[in-house]
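Student: Could we go through this structure together, a bit at a time? I would like to look at single residues and then at the empty spaces.

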Amino acid sequence: AQEPDGHEPGLSGQQLAIMELSILDTCGLPDGSILSVRSGPTRRQSPLPCSTPFKLPAGPWPLRIDVLALLGKSLAGASLTKLDADGRCRVPLEARDGRQMSVTLQVFEGKNGVRPNTAPNPNTQKGAEEPDAEGTPTSPVRRRDTEAEARAYLDRHRLHEFMHTLFELLLRERPTDPYSFIAARFREAAQLEVPSLPAALPAIGGVEKPSRSSVSTAPTSSPTVHREEPSPALAAPEGGFHVTVRNMRGWSLARISTEPDVRVSTLKEQLAASLGIPPSSQQLMWWAETMPNDTTLKDHGVPAEGVTVHLVCGTRDPRLRMALSGSSDGGLKLWCLEDGELVRDFGCGGPAAVLAVSVHWESMRAVTGCLDGRLQLWDIDTPSCLRTWSGHAEEVTALDVDWPSMRALSGASDGIVKLWHLNEDGCALTLVGGSALYTLAVNWPEMKACGGLRNGLVRLWNLATGVHLRDINIGTAAAIAAGTAVSAVAIDCMGQRAVSGLEDGHLAYWHFGPQEDTRSGAEASVVAPPKPKVLLAHYRAVRTISARWATTDSRALCGSDDGSLSLWCLDSQTPIARFGRHVGFVWTIYADWARDRALSGAFDGCVKLWDLRTGDCLRTLQGHSRPVRSIAAG
């Protein structure tokens with residue numbers, strides 16, 4: 001509801017600063033849809049086209065826009081006149097798809113009868129839409145800080161990983177007395193938990209500086225401090241800002257009085273002088289958005305009366321210098337992993353999402369596969385698009401590039417695989433996969449290629465002749481036996497083995513080539529491939545896999561729909577590390593096994609840098625407005 005005088009309902013006539021948002025144009029929104037706009041705690045909505053402006057409370061609120069579809073509506077002449085003895089009324093609805101729909105209402109006029117349990121109490125709901133002060137328990141700022149503190153607490157004690165591993169062991173061991181088994185695991189974890197001593201941190205401008213050891217360098221962890229506000233800073237100059245710096249657990253670290261045009265890099269230098277954290281190891285966030293070094297507080301619309309920003313720290317060596325990420329927004333972004341800053345934004349690069357990417361860092365060239373079926377060759381330094389191929393009818397979902405010979409193999413969701421010479425126009429070879437491609441693996445010296453298909457098959461081709469060699473259905477059989485389907489796959493083309501991720505969260509590790517018998521002499525022979533090994537990696541679908549193939553210690557890093565990652569030893573079927581969570585599906589993973597580093601991109605538009613030895617997050621990169629679908633680093 002929206003009142004014409006500009007007042008919020010339920011605010012007892014209290015005047016708020018109101019802004020008007022006029023919808024000038026829309027693109028791609030279906031007819032009959034409803035546009036819903038939320039600014040802070042208040043939401044307005046209107047069917048398209050929107051003829052009148054949306055009146056919303058002004059302020060530094062996050063803006064959210066949703067497009068809603070009309071599924072049903074009440075019939076003409078509907079009313080609340082036919083009530084039963086309890087004041088109830090069933091109102092039939094007209095559904096767009098013809099299904100039966102209705103809503104049962106109970107009318108309470110405050111005179112007779114009893115209020116139903118589902119009805120809100122007007123005394124407690126009064127002023128619900130009123131923006132609360134920052135310090136009140138129901139304010140958006142307070143709620144955000146509380147949620148951040150709760151997440152940091154779980155991450156600090158690694159409770160997500162512990163509970164996941166606990167139930168995994170419970171299902172694997174199936175002890176006779178599960179409660180004693182669980183209690184023993186809790187006692188073991190308690191012995192490993194080392195309590196930390198609290199230490200107070202002064203504000204910037206104080207006499208003492210905190211010791212270096214009292215400031216945590218983990219991105220999701222924080223200094224162990226008393227929850228008390230630091231000493232007040234000097235009054236801000238006219239037109240200046242008060243900035244309160246907190247860690248992700250909600251503890252206050254410092255207060256700064258600064259000018260609106262001061263760059264974020266300058267704020268980091270001030271924090272470095274006080275906290276001892278190098279500016280390159282700092283990330284400042286406001287409303288969960290990263291504040292780049294070359295921006296100012298004014299650029300972010302920070303209110304002049306004061307703002308609270310959060311500090312994320314990471315001083316460990318990233319070991320990787322650059323990263324290139326592609327997103328569903330159609331953009332490419334080049335990142336510096338040493339300080340987490342955006343180096344170059346390629347813009348949209350076209351109208352399509354970037355679903356696959358391969359980079360040759362020595363020549364600073366990249367090949368991308370797009371949602372509209374195009375392949376593009378980029379000069380990352382310039383940046384400019386050097387060449388475009390429009391060879392696929394549907395989105396490019398898999399890509400393998402041999403940079404020394406400048407050849408690429410691409411696969412699309414329509415099951416078509418194409419071989420390209422990157423220095424030439426046109427397609428050199430077209431192959432038929434029969435199902436959407438999850439991944440491609442190529443043995444370029446022997447010109448043999450393997451494609452992991454959505455139907456679970458692995459298909460082999462000879463790229464020199466274009467001949468389809470054979471199909472392997474071992475992964476499909478493992479999925480059917482579990483009553484599920486294949487959701488991801490990684491293939492070792494030379495070693496003739498693969499690991500399939502299933503929709504129920506399992507991993508299936510299997511071989512599709514004959515195995516040599518290690519016995520010597522006359523007893524030596526060729527034996528059949530071993531049976532698939534199946535392990536429970538996640539409780540939701542495994543969406544992406546990166547594998548390191550070895551003789552006895554093959555490993556798989558997988559990302560799941562639950563937003564988490566896990567690292568497994570495939571031969572022993574044991575977990576090596578578990579990783580903190582993204583918000584939403586993990587769509588893509590890049591692993592540098594030699595440097596023990598990995599990057600992941602997810603539905604939340606974030607790119608995270610991980611330490612494969614410990615599972616710690618070293619950097620979080622924010623800049624994409626849509627899910628990150630492809631990533632490469634070097």
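**Backbone, pocket, cavity and helix**

Tutor: This is a predicted model, and a good place to begin is Gln 573, which counts as partly exposed with a relative accessibility of 23%.

Student: Where along the chain is Gln 573 found?

Tutor: Gln 573 sits in the loop that runs between strand E37 (565-569) and strand E38 (574-579), and its phi is near 60°, a positive value in a residue other than glycine. Most residues other than glycine have a negative phi.

Student: And Met 447, is that one buried or exposed?

Tutor: Met 447 is buried, at a relative accessible area of 14%, and its phi, near 55°, is also a positive value in a residue other than glycine. Met 447 belongs to the loop between strand E25 (437-443) and strand E26 (448-453).

Student: What kind of peptide bond joins Thr 382 and Pro 383?

Tutor: That bond is cis, with an omega of about -15°, and Pro 383 lies in the loop between strand E19 (374-379) and strand E20 (384-390). Most peptide bonds are trans.

Student: New topic: what is the volume of the second largest pocket?

Tutor: The second largest pocket has a volume of about 1,700 Å³, and its lining is made up of 49 residues, with Leu 399, Thr 439, Leu 440, Ile 545 and Ile 589 lying nearest the centre. Among the elements that give two or more residues to this lining are strand E21 (396-402), strand E25 (437-443) and strand E35 (542-548).

Student: How does that lining divide by class?

Tutor: In the lining of the second largest pocket, 33 residues are nonpolar, nine are polar and seven are charged.

Student: Which domains does the second largest pocket lie between?

Tutor: It lies between domain 3 (349-432) and domain 4 (436-511 + 529-581), because both of them give residues to its lining.

Student: How about cavities, what is the volume of the largest?

Tutor: The largest cavity has a volume of about 50 Å³, and eleven residues line it, with Ser 281, Gln 283, Gly 314, Leu 618 and Arg 619 closest to its centre. By class, this lining has four nonpolar, five polar and two charged residues.

Student: Last one: which residues of helix H5 are buried?

Tutor: In H5, the buried residues are Val 264, Leu 267, Lys 268, Leu 271, Ala 272, Ser 274 and Leu 275. They cover an arc of only 165° around the axis, so they are on the same side of H5.

Key
Residues numbered from 1 in each chain as written. Predicted model: local features only at pLDDT ≥ 70, side-chain atom pairs only at ≥ 80, totals over all residues. Heavy atoms only, no water. 1 Å grid on protein atoms, 1.4 Å probe; cavity = no way out; pocket = protein on both sides within 12 Å on 5 of 7 lines; lining within 4 Å. Points joined across faces, edges and corners; volume = space filled by probe spheres on them. Helix = DSSP H or I, 4+ residues; strand = E, 2+ residues; numbered from the N terminus. Nonpolar A, V, L, I, M, F, W, Y, C, P; charged D, E, K, R; others polar. Domains from an automatic or database assignment. Buried < 20%, exposed > 50% of the residue type's maximum accessible area, 1.4 Å probe, protein only. Arc of directions from axis to C-beta.
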